Amino acid sequence: VASPSPLPDPLCPTRRTVCPPCCNFLILSSRYHCPSDSMPPHMPGPDGGLVTAVAGLPDAGKRTIDLTADLLTEQTNGKRYRTAPAPAPGAPVDWLARLSDIGQGVQPPSLRAIVNRFADVPGVIGLHGGFPAAAAFPIANLSFTTVDGTRVDINDPVKVAAMQQYCVSPLGYAPLAQWAAAFQKRQHSPPCETATGITTGSNCALEMLCKLLLNKGDSILVEEFTYAHMVESTINLHGFKALPVAMDEQGMLPSSLRAVMTAAQSQPNPPRVLYTIPTGQNPTGSTVPLARKAEIYALCQEFDLVLLEDDAYYTLQFPLPSGEPRGLGQLEGSYLSLDTDGRVVRLDSFAKALAPGLRLGWATGSPAIIGKLASCVHGTALGPCATTQVMVAEMLQAWGEEGLEGHVRNMQLEYGRRAGVVLAAAEKHLVGVASWRAPQAGMFLWLTLGAGVTDADEILDLLAEAAVALVPGRIAHALGPHPPLPCPFLRLSFAAAPDDQLQEAMKRLGHVLRTFAAKKNAEAGGSSEVAPAAAVEAAARTGEPAPPPAAAAL
């Protein structure tokens, strides 16, 4: 249904779903049909069907939208937008009531109250802060050139001083914080009130959020295989308990989440927090489609969970089948875009979007929890690094939207190309001794080992002899690096090694697996067959012994 003018809000109170504001186009899902809108004569009734519309968009031509689809895809003016039926709004989340003992105690610094008290006093002379003298700073200006040739010159005395001073703004250096907030609204159009603050990277923000929301002994839901640093350095270190949720090639399984939460209801303290990596998941490389995100969000509503969306690889989604990079306009929708209740905290990272050495990211969610997080960031580190904040803000300004889009598209092409190299090498060297699924984003390939391997640790010595380093899957298990079940998995990163080394690594890995299989078969009496990788994976999930060798000849 064409809208004659830009819609005032990205999502109307009757749960309509819209494309980004630039196309002024409104989509009505048959499942959540808005009864207040009359259907034009050429439209089918709310029970579904197909609709073709031409009005409202310059040079749009005719487009066909399937109103019965759970996941709607619309191509307009060269951009492809994905929508999902908007979740029915639930009760707004009261974040202050969910805080841990530590979270309840976290308060804005007392000195800030003094600063705020005098902030609007005309002509005030500030002797309150322990700020070093700007005249004593060593850097007079800073210039650098980006890989596309854009030159960034920081020579404004105010900015030069700011990049060498403490960053005392609660949400970060104002120009960068404002950019991040505008980016989130443009990219995700969150349907609830949000605030966005700059963080000292996602790792630090994750640990702080867990301490704000969990007491020692509390459980947190995570994917069965997840970010190892999160488990070892946050969950286990602080006495929290990880509850694994099973996965498939599209990430976390809603059926498993329901089963885990249903079983947990009989416990005195069921989980209240879900942590997930939805895009290019570390370690499995899986990406959760928007339709499944909507299912998982609905379960979070049903069981009153808050959701930590750690989306570091969001911009590293590979090109479309046509080879066209997705840029920023064709990325998979986020949990934040579905968040009608204010139950999502989304973490983005400059580590993958730009460079990890910057040690910067940004967090978006309900103002109540972002305010608490900001107090933690400033209480721990006196704010994110001012130097890199100013550098990034100035670079983004120099680039503009066009420059950022170009950078993102180049990254997507490069990572997609690297994935293609390693997948081709795997097809050449690993067929019959391992299985895998092609990732759609990120920097990891997840291998399920066959060749008689029941746990990746069995081949570590052979891998060392072959001089090829990979990560055993057990390192990333939700229960910690030594789970009580076999893990016949390897995580492979294709992000850094040159093409020839990626190819050689797959060749060496194939040789290791075949050498291991031959030795094991000889010990078993000379059989030339091994259990298929898929059968080994199934056995690992159930804890049962792998089936006898069958049809996977070496």
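Select Trp362 to begin: in this predicted model, Trp362 is buried, with a relative accessible area of 3%, a value that falls below the 20% under which a residue is counted as buried. Keep Trp362 on display and add Phe183, whose ring centre lies 5.9 Å from that of Trp362, with the two planes at 90 degrees, so the pair is edge-to-face. Phe183 belongs to helix α4 and Trp362 to strand β17, so this pair ties together parts that are 179 residues apart in sequence. Phe183 is itself buried, also with a relative accessible area of 3%.

Now widen the selection to the other aromatic residues here. Trp179, Phe183, Phe350 and Trp362 form one aromatic cluster, and a search of the whole structure finds eleven aromatic pairs. For the pair of Trp179 and Trp362, the ring centres are 5.6 Å apart and the planes stand at 80 degrees, so this pair too is edge-to-face. Because Trp179 sits in helix α4 while Trp362 sits in strand β17 (residues 361-365), the pair ties together parts that are 183 residues apart in sequence.

Next, show helix α4 (residues 174-188) together with helix α11 (residues 386-429), which pack at an angle of about 35 degrees with their axes 9 Å apart. The crossing of α4 and α11 is left-handed. To see the contact itself, display Pro175, Leu176, Trp179, Phe183 and Arg186 on the α4 side, and Gln389, Val392, Ala393, Leu396, Glu401 and Leu404 on the α11 side. Coloured by class, the contact of α4 with α11 has eight nonpolar, one polar and two charged residues. Trp179 and Phe183, which take part in this contact, are also members of the aromatic cluster.

From α11, move on to the sheet. Select the open sheet of four strands, which has the order β18-β19-β21-β20 with antiparallel pairing. Strands β18 (434-436) and β20 (471-472) stand at the edges, each with a single partner strand, so one side of each has no neighbour in the sheet. At the β20 edge, the pairing with strand β21 (residues 489-493) is antiparallel and runs over two bridges, and Pro472 stands opposite Leu490 in β21. Helix α11 packs on this sheet, touching β18, β19 (444-449) and β21, and its direction makes about 150 degrees with that of β18. Add helix α13 (residues 499-523), which lies across β18, β19 and β21 and runs at about 165 degrees to β21.

Which residue should be picked in the loop between α11 and β18? Choose Leu430, which is found in that loop and is buried, with a relative accessible area of 0%. Leaving aside residues up to four places away in sequence, Leu430 touches Ala425, Trp436, Leu447, Met506, Leu509, Gly510 and Leu513. A distance label drawn between the C-alpha atoms of Leu430 and Leu513 should read 8.4 Å, although these residues are 83 residues apart along the chain.

Finally, return to the whole chain. The protein has 14 helices and 23 strands, and 51% of its 554 residues count as buried. Among contacts with a separation of 6 or more, residues 24 or more positions apart account for 70%.

Technical notes: Residues are numbered from 1 along each chain as its sequence is written. This is a predicted model: local features need pLDDT of at least 70, side-chain atom pairs count only at pLDDT 80 or more; totals for chains, interfaces and linings use all residues. Side-chain values use heavy atoms; hydrogens and water are left out. Axes are lines fitted to C-alpha atoms, for helices over the stretch in contact, and angles run from 0 to 180 degrees between N-to-C directions. A crossing is left-handed if the near helix is turned anticlockwise from the far one by less than a right angle, and right-handed if clockwise. Contact means heavy atoms within 4.5 Å. Ala, Val, Leu, Ile, Met, Phe, Trp, Tyr, Cys and Pro count as nonpolar, Asp, Glu, Lys and Arg as charged, and the others, Gly among them, as polar. Two strands pair if DSSP finds at least two bridges between them. Rings of Phe, Tyr and Trp (its six-membered ring) pair if their centres lie within 6.5 Å; planes under 30 degrees apart count as stacked, over 60 as edge-to-face and the rest as tilted. Buried means under 20% relative accessible area, exposed over 50%, partly exposed in between (1.4 Å probe, protein chains only).
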